[in-house]
Protein chains: 2
Amino acid sequence: MKIAIVGAGALGLYYGAMLQRAGNDVRFLLRRDYQAIRKDGLSVTSPNGDFHLQAVQCALDPAELGPVDLVLVGLKTFANHRLIELVAPLMQDDTCVLTLQNGLGNEELLAKTFGAERVLGGIAFLCSNRGEPGTVHHMGQGRIRLGELSGGFSERATALARMFNQAQVPCEAVDDLRRARWEKLVWNIPFNGLSALTGKNVTELLRHEPSRREIIAIMGEVIAAGNAQDLNTPIEAEIFIEKMISATETMDGYRPSMMIDRLEGHPLELEAIYGVPLTRATACGVEMVRVRMLHALLELGERN
Amino acid sequence: MKIAIVGAGALGLYYGAMLQRAGNDVRFLLRRDYQAIRKDGLSVTSPNGDFHLQAVQCALDPAELGPVDLVLVGLKTFANHRLIELVAPLMQDDTCVLTLQNGLGNEELLAKTFGAERVLGGIAFLCSNRGEPGTVHHMGQGRIRLGELSGGFSERATALARMFNQAQVPCEAVDDLRRARWEKLVWNIPFNGLSALTGKNVTELLRHEPSRREIIAIMGEVIAAGNAQDLNTPIEAEIFIEKMISATETMDGYRPSMMIDRLEGHPLELEAIYGVPLTRATACGVEMVRVRMLHALLELGERN
């Protein structure tokens, strides 16, 4: 299977490297790391063992990489205005696209051009950062949950999950991608936004009792909005919040990607993580009061 | 009338200087500006005309200033743990205390030690900053609304208002101090907190449509909480919000005191402006959702 990685940041580089190491034909669309990877290959540091790939297929222009069987999208969503032009040259009749991007609206954007039947989405639970050009640091986790945009199980999704598992990436196919996306938002919306806004990591946020209460209240708003989206089965608020908080308590000092983006002066993924969810909540008659305020303040910070 | 100024920051220095210029016997309790004012006096720059007072009565120890007829308190509320010890040496049988501090709870703190019958409160609408030691910059406004802690009009309050007016400080006595305090909170709660949290001035906040909507929503929460406090007459939400927004639109680039405090690394007046109002709102069955979130995030920022 020929696989193209579009959006080769910390996420794209890591999963691409894992897939290539397992014997897949992986091609990276690169920008920042192009010269370094051409010259010295791609290095992954990881608690599971470091590894290095010397020969890496890569290009600056997607036309040089395609067509492929699978396009794996890891592009930051603030660059989504370029998504279609980057993916289009990689497509042939039976190519499918799996977006592992954050938030809502990415599958729909791809489906509008390429057709819903080509599109899968996945939620990545990955702690990784870019290092020097040509190096990605995997700090922990890496699990993926993927499914069809149109819902339900498919052979194709099951095959992709198998491919990831064979590459040492824990992966499961889910029958309700929408539910999986909203579940991820239950974490992303409070922790990404509050850490970016306040400059505090997840441990500092949880240790401060009033902030912890706000995080829990925000999670409650997101679950209420998600459950209004006609999911197969509703998210059970109390149990799920408890699970998210407990999981985060093990992530000592973790700095969410949006916090790092703000500290480094990059744009934030506000539309996918806040804008689209707020619109969909309102459309279902649910008002996420705290989330809307958080979104406003984050967006304000984007005005220089 | 002998007047002592306790808390001689931008507010205390300005009002004290205006009162002394009008012929009152004013004594300043100083700390930062003591040496400068002893040596060179006190200067006020103002759009209404600069002036300089060469001979200024001042001390570092309140025992050297008292007793007086009126104590005017301008102390930042985060220093309220020292308020009683600073005021006590200034008191004699008929001394009254007028606190011009921000937020709620200051009159009650004074009343607990000195008796409610001694205590008046005032709301100052003043744009002023400290300059070099011995200099205060008056940028605009300066109006005071004052009243009895126990409510109602009094001869004493009317006499104080007259004294301020004679000193070119527009001042009116009000019969419902509580309402006046809540009205001021309608401005202070959104603009002080949001500017401190985001580093944006009032003009930048209002120009960003989603933030403007949050400001209006926060004002609505504060008015609902105020109106639950058994005011003489309720605050009319729509009219009052419109008035606050319009007034703020004329304050081009104004940086609220809390924003400056945060930028300069000083503590914030969170308890008086957020903590006490939230407690009083909850006690009356009103939940200020956005205000509580704002308070949590501001308080989080106070943890190094």
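## The Gly-Pro turn and other backbone oddities

Pro67(B) sits in the loop that runs between β5 (57-59) and β6 (70-73) of chain B; helices (H or I, at least four residues) and strands (E, at least two) are DSSP runs, numbered from the N terminus. The peptide bond leading into it, from Gly66(B) to Pro67(B), is cis, with omega near -10 degrees. Chain A has a cis peptide bond between Gly66(A) and Pro67(A) with omega about -10 degrees, and Pro67(A) is found in the loop between β5 (57-59) and β6 (70-73) of chain A.

One more backbone spot to look at is Asp230(A), a non-glycine residue with a positive phi, near 60 degrees. Asp230(A) belongs to the loop between α8 (209-227) and α9 (237-249) of chain A.

## Ground rules

This is a predicted model, where local features need pLDDT of at least 70 and side-chain atom pairs count only at pLDDT 80 or more, while totals for chains, interfaces and linings use all residues. Residues are numbered from 1 along each chain as its sequence is written, chains are lettered from A and ligands numbered from 1 in the order in which they are written, and side-chain values use heavy atoms, with hydrogens and water left out.

## How the two chains relate

Rotate chain B by 180 degrees, with 0.0 Å of shift along the axis, and it superposes on chain A with an RMSD of 0.0 Å (a least-squares fit on the C-alpha atoms of residues with pLDDT of at least 70 in both copies). That is the relation of a two-fold axis. In chain B, the C-alpha nearest the axis belongs to Arg290(B), at 3.2 Å.

The copies meet through the same surface, because 100% of the interface residues of chain B are also interface residues in chain A.

## The chain B and chain A interface

Chain B puts 23 residues into the contact and chain A puts in 23 residues, where contact means heavy atoms within 4.5 Å. About 2,100 Å² is buried between chain B and chain A, with carbon and sulfur atoms giving 72% of it; buried area is the accessible area (1.4 Å probe) that two parts lose on being put together, summed over both. His208(B), Met293(B) and Leu300(B) supply 31% of the area that chain B buries against chain A, more than any other three residues.

What about charge pairing? The rule finds zero salt bridges across the interface of chain B and chain A, a salt bridge being a side-chain nitrogen of Lys or Arg within 4 Å of a carboxyl oxygen of Asp or Glu. Polar contacts come to four residue pairs between chain B and chain A, both residues at pLDDT 80 or more. (A polar contact is a pair of N or O atoms within 3.5 Å; within protein, one must be able to donate a hydrogen and the other to accept it, and residues adjacent in sequence count only if both atoms are side-chain atoms.) On the side of chain B that touches chain A, the elements giving two or more residues are α6 (177-198), α7 (202-207), α8 (209-227) and α12 (289-302) of chain B, and α12(B) gives the most, with 10 residues.

## Two domains within chain A

The assignment splits chain A into domain 1 (2-175) and domain 2 (178-302), with bounds from an automatic or database domain assignment. Their centres, taken over C-alpha atoms, are 24 Å apart. Domain 1 of chain A brings 24 residues to the contact and domain 2 of chain A brings 21 residues.

The two domains of chain A bury about 1,800 Å² between them, 52% of it on carbon and sulfur atoms. Here the rule finds four salt bridges; Asp261(A) forms a salt bridge with Lys76(A), with the closest N and O atoms 3.1 Å apart. The polar contact count between domain 1 and domain 2 of chain A is 12 residue pairs, both at pLDDT 80 or more. On the side of domain 1 of chain A that touches domain 2 of chain A, α4 (106-114), β8 (119-130) and β9 (135-148) of chain A each supply at least two residues, and β8(A) has the largest share, eight residues.
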